[in-house]
Amino acid sequence: MSSAGDVILKHIDAFNGRDADADPWAADAELTAPGAQVSGRDNVIGFLAVFQEAFPDLRLEIIQLLTDGPAAAAEGTLTGTHDGVLHTPNGDIAPTGRAVELRWAALYVTDGETLKSEHLFFDQMDFLGQLGLLPG
């Protein structure tokens with residue numbers, strides 16, 4: 001049986017490697033992020049793919065990972081260049097060509113070999129500002 005830390009690291013590796021088949025999301029997975037809540041493995045992977053499309057070089061790095069039984073908490077950085085269309089509920093954002101580097105934190109729940117839930121936190125204003133999308 002994998003530890004929660006192993007499952008999270010497998011998720012990060014699969015995300016960075018663009019390997020949805022290797023990503024350990026459970027069939028009934030849930031992901032909550034600023035402005036979004038999605039349920040079901042396919043929907044979670046689809047949500048993450050939106051960012052991978054908009055930032056083809058998108059990469060997650062973990063700075064710290066803490067685990068307690070099936071639960072885990074992580075903090076890290078996200079880096080990438082906005083070279084693709086970012087599809088949002090408020091419309092598409094054309095590529096800006098800008099690089100972003102954000103800090104993020106997440107709380108996870110695992111079940112054996114699978115990732116059941118992620119609650120992701122990041123500063124949306126910092127994200128929009130780095131993309132040059134805030135009024136001057």
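**Exercise 1. The largest pocket**

In this predicted model, about 480 Å³ of space lies in the largest pocket. Work out which residues lie nearest the centre of the largest pocket, and which elements give two or more residues to its lining.

Solution. Begin with the lining itself, which is made up of 16 residues, with Pro34, Phe51, Thr88, Pro89 and Gln124 nearest the centre of the pocket. Next, turn to the elements: those that give two or more residues to this lining are α2, β5 and α3, the last of which spans 124-130. Finally, sort the lining by class, which yields 11 nonpolar residues and five polar ones, with no charged residues.

**Exercise 2. Two helices and their cover**

For helices α2 and α1, compare the reach from first to last C-alpha with the expected value, and then say which elements pack against the buried residues of α2 and what covers those of α1.

Solution. Take α2 to start with: this helix covers residues 41-54, and its 14 residues reach 20 Å from the first C-alpha to the last, close to the 20 Å expected at 1.5 Å a residue. Its buried residues are Arg41, Val44, Ile45, Phe47, Leu48, Gln52 and Ala54, and they pack against α1 (4-16), β1 (25-33), β2 (36-39), β4 (71-81) and β5 (86-88).

Now repeat the steps for α1, where 13 residues reach 18 Å, close to the 18 Å expected at 1.5 Å a residue. Buried here are Ala4, Gly5, Val7, Ile8, His11, Ile12, Ala14, Phe15 and Asn16, and the cover over the buried residues of α1 includes β1, α2, β3 (59-68), β4, β7 and β8.

**Exercise 3. A partly exposed residue of α1 and the residue after the helix**

Decide whether Leu9 is buried, partly exposed or exposed, find what Leu9 touches beyond its sequence neighbours, and then describe the phi of Arg18.

Solution. Leu9 is found in helix α1, and because its relative accessible area is 42%, Leu9 counts as partly exposed, given that this class lies between the 20% and 50% cut-offs. Once residues up to four places away in sequence are set aside, Leu9 touches Ile62 and Leu65. Leu9 and Ile62 are 53 residues apart in sequence, yet their C-alpha atoms are 8.7 Å apart in space.

Moving on, Arg18 comes just after α1, in the loop between α1 and β1, and with a relative accessible area of 34% this residue is partly exposed. The phi of Arg18 is near 55°, a positive value in a residue other than glycine. The sign deserves a remark because most residues other than glycine have a negative phi.

**Exercise 4. The nonpolar core and the largest cavity**

Identify the members of the largest nonpolar core that touch the most other members, and then find which element gives the most to the lining of the largest cavity.

Solution. The largest nonpolar core holds 33 residues, and the ones touching the most other members are Trp25, Leu31, Trp104 and Tyr108. At least two residues of this core come from each of α1, β1, β2, α2, β4, β7 (99-111) and β8. To see one of these members in its surroundings, consider Leu31, which, apart from neighbours within four places in sequence, is in contact with Trp25, Ala36, Gln37, Val38, Val44, Phe47, Leu48 and Glu118.

As for the cavity, the structure holds one cavity of 30 Å³ or more, and the volume of the largest cavity is about 280 Å³. Of its 18 lining residues, Phe15, Leu48, Leu60, Leu78 and Leu120 are the closest to the centre. The element that gives the most to this lining is β7, with four residues, and by class the lining has 16 nonpolar residues, one polar and one charged.

**Exercise 5. Two strand residues**

Assign Thr81 and Phe122 to an accessibility class, and list their contacts beyond four places in sequence.

Solution. Thr81 is found in strand β4, and it counts as buried because its relative accessibility is 17%, below the 20% cut-off. Its contacts are Ala54, Phe55, Pro56, Asp57, Gly97, Arg98 and Ala99.

Phe122 belongs to strand β8, residues 114-122, and its relative accessible area of 23% makes Phe122 partly exposed. Its contacts are Pro34, Leu102, Arg103, Trp104 and Phe127; among them, Arg103 is 19 residues away in sequence and 6.5 Å away from C-alpha to C-alpha.

Methods:
Residues are numbered from 1 along each chain as its sequence is written. This is a predicted model: local features need pLDDT of at least 70, side-chain atom pairs count only at pLDDT 80 or more; totals for chains, interfaces and linings use all residues. Side-chain values use heavy atoms; hydrogens and water are left out. The expected span of a helix is 1.5 Å times one less than its number of residues. Buried means under 20% relative accessible area, exposed over 50%, partly exposed in between (1.4 Å probe, protein chains only). Contact means heavy atoms within 4.5 Å. On a 1 Å grid over the protein atoms alone, a cavity is a set of points where a 1.4 Å probe fits but cannot get out, and a pocket is an open set with protein on both sides within 12 Å along at least five of seven lines; lining residues have an atom within 4 Å of a point. Grid points are joined across faces, edges and corners, and a volume is the space filled by probe spheres set on the points. Ala, Val, Leu, Ile, Met, Phe, Trp, Tyr, Cys and Pro count as nonpolar, Asp, Glu, Lys and Arg as charged, and the others, Gly among them, as polar. A nonpolar core is a set of buried Ala, Val, Leu, Ile, Met, Phe, Trp, Tyr and Cys residues joined through side-chain atoms within 4.5 Å.
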